[in-house]
Amino acid sequence: MNQSLDSNIRYSIENKVFIIEIHRPEKKNALLPGMYRALAEGLRIADNSEEANVILIKGADDCFTSGNDVNGFVGDGATSEDRPSTAFMHALNDTQKPIVAAVSGLAIGIGTTMLFHCDLIYASEDCFFQLPFTRLGLCPEAGSSYLLPRQIGYLRAAELMLLGDRFTAVKAKEYGIVNEVLPQSEYLQFAKSKAEELAALPSQSVQASKKLLKSGRDKIIPETITDELKEFSRLLKTPDARAIVQSFLDRKKAG
Ligand code: COA
């Protein structure tokens with residue numbers, strides 16, 4: 001069993017399921033560069049492991065992830081092409097084994113956009129989701145501008161992406177963003193049982209089927225991630241985005 005590169009990301013294996021856990025509860029599981037690196041590395045390790053057929057991504061019960069650590073939106077490194085978050089987005093797209101997500105608490109920004117790369121998604125009933133990009137003066141990332149409208153239709157995607165409001169797990173299910181909504185006490189066990197059910201099936205057949213289901217996306221997603229990053233980087237330097245990011249950071253200092 002490989003050790004994670006970052007103490008905020010944990011790896012374990014249970015019944016042929018490689019579990020990647022986001023664990024930075026004191027900051028609502030906000031993602032730092034080292035965490036993205038360990039997430040991408042976990043996907044690669046799991047994809048190459050003979051001990052696991054399926055990957056399960058989870059956070060804490062009260063928080064899947066609040067997305068990118070907002071401190072990372074300040075400074076020059078925030079916009080470089082080779083930032084670890086970009087590598088994580090590509091790793092999600094490259095992963096051949098199925099990815100199951102167990103989502104609870106909140107899933108903001110990349111906490112929601114990473115789900116568009118997952119294959120089975122189970123959420124707790126009190127969970128909320130948010131694609132807050134326009135509220136931050138930014139734009140979609142992680143290939144979401146391509147994936148979301150094709151998954152749920154343009155009008156629904158535009159509603160979630162352009163207005164950037166929080167939405168409930170029930171609405172996420174209605175829109176086709178999650179498979180099932182379960183009571184808080186059951187969501188994780190249910191996600192694990194589905195992951196184990198999948199892991200017990202012939203793995204070559206499951207992987208070939210996933211590849212066929214996602215065919216045609218192989219080239220488009222990397223290009224979309226690059227195009228989105230260009231816009232994102234440009235927007236991050238605008239007075240609107242700078243002011244919004246700064247006000248979040250100042251709120252914290254003042255509090
Ligand atoms: N980046 C950096 N720090 C974050 C964070 C993020 N994305 N999300 C939460 N935190 C930190 C808070 O600054 C706070 O730190 P502190 O205890 O040192 O002050 C701690 O996590 C707890 O968060 P808090 O805001 O006190 O909890 P809350 O329950 O009132 O609100 C959120 C939770 C997630 C709704 C709120 O923190 C938030 O809006 N975060 C930003 C989300 C975001 O914009 N993400 C980027 C998406 S692109």
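Student: Why is alanine 142 called buried?

Tutor: The relative accessible area of alanine 142 is 1%, and buried means under 20%, with exposed over 50% and partly exposed in between (1.4 Å probe, protein chains only); alanine 142 therefore counts as buried. This is a predicted model, in which local features need pLDDT of at least 70, side-chain atom pairs count only at pLDDT 80 or more, and totals for chains, interfaces and linings use all residues. Residues are numbered from 1 along each chain as its sequence is written, and side-chain values use heavy atoms, with hydrogens and water left out.

Student: Where is alanine 142 placed, and what is its phi?

Tutor: Alanine 142 sits in the loop between strand 7 (128-130) and helix 4, where helices (H or I, at least four residues) and strands (E, at least two) are DSSP runs numbered from the N terminus. Its phi is positive, about 60°, although alanine 142 is not a glycine.

Student: Is asparagine 29 buried or exposed, and how do you know?

Tutor: Asparagine 29 has a relative accessible area of 0%, so by the cut-off already given it is buried. Asparagine 29, too, lies in a loop, between strand 2 and helix 1 (33-48), and its phi is positive, near 60°, in a residue other than glycine.

Student: What makes tyrosine 11 count as buried, and which residues is it in contact with?

Tutor: Tyrosine 11, which is found in strand 1, has 11% relative accessibility and therefore falls on the buried side of the limit. Leaving aside neighbours within four places in sequence, tyrosine 11 is in contact (heavy atoms within 4.5 Å) with residues including Met1, Leu5, Phe18, Ile20, Ala38 and Ile45.

Student: How do you know that strand 1 and strand 2 pair?

Tutor: Two strands pair if DSSP finds at least two bridges between them, and strand 1 and strand 2 (residues 17-22) have 6, in the antiparallel sense. One of the bridge pairs is isoleucine 13 with phenylalanine 18. The hairpin of these strands has 2 residues between them, and asparagine 15 takes a positive phi near 45° there.

Student: Why are strand 1 and strand 9 said to stand at the edges?

Tutor: The open sheet has 6 strands in the order 1-2-3-4-6-9, with mixed pairing. Strand 1 (9-14) and strand 9 (180-182) each have a single partner strand, so one side of each is left without a neighbour in the sheet. Within this sheet, strand 4 (residues 99-103) runs parallel to strand 6 (residues 120-124), joined by 4 bridges, and alanine 101 has isoleucine 121 as its bridge partner.

Student: What makes helix 2 roughly antiparallel to helix 9?

Tutor: The axes of helix 2 (residues 84-94) and helix 9 (residues 217-236) come within 10 Å and cross at roughly 165°, where axes are lines fitted to C-alpha atoms over the stretch in contact, and angles run from 0 to 180 degrees between N-to-C directions. Angles under 35 degrees count as roughly parallel, over 145 as roughly antiparallel, 65 to 115 as roughly perpendicular and the rest as oblique, so helix 2 is roughly antiparallel to helix 9. The contact is made by Thr86, Met89, His90 and Asn93 of helix 2 and Asp218, Ile221, Pro222, Ile225 and Leu229 of helix 9.

Student: Why, then, is helix 4 called oblique to helix 5?

Tutor: Helix 4 and helix 5 pack at an angle of about 130°, with their axes 7 Å apart. That angle belongs to none of the parallel, antiparallel or perpendicular ranges, so helix 4 is oblique to helix 5. The contact brings together Ser144, Leu148, Pro149 and Ile152 of helix 4 and Tyr154, Arg156, Ala157, Leu160 and Met161 of helix 5.

Student: Which residues of helix 5 are buried, and what covers them?

Tutor: In helix 5 (residues 154-163), the buried residues are Ala157, Ala158, Leu160 and Met161, and their cover includes helix 4 (144-152), strand 8 (166-168) and helix 6 (169-175). Glycine 164, with a positive phi near 70°, follows helix 5.

Student: How do you know that strand 7 and strand 8 pair?

Tutor: Strand 7 and strand 8 run antiparallel and are joined by 3 bridges, which satisfies the requirement on bridges stated above. One bridge pair is glutamine 130 with arginine 166.
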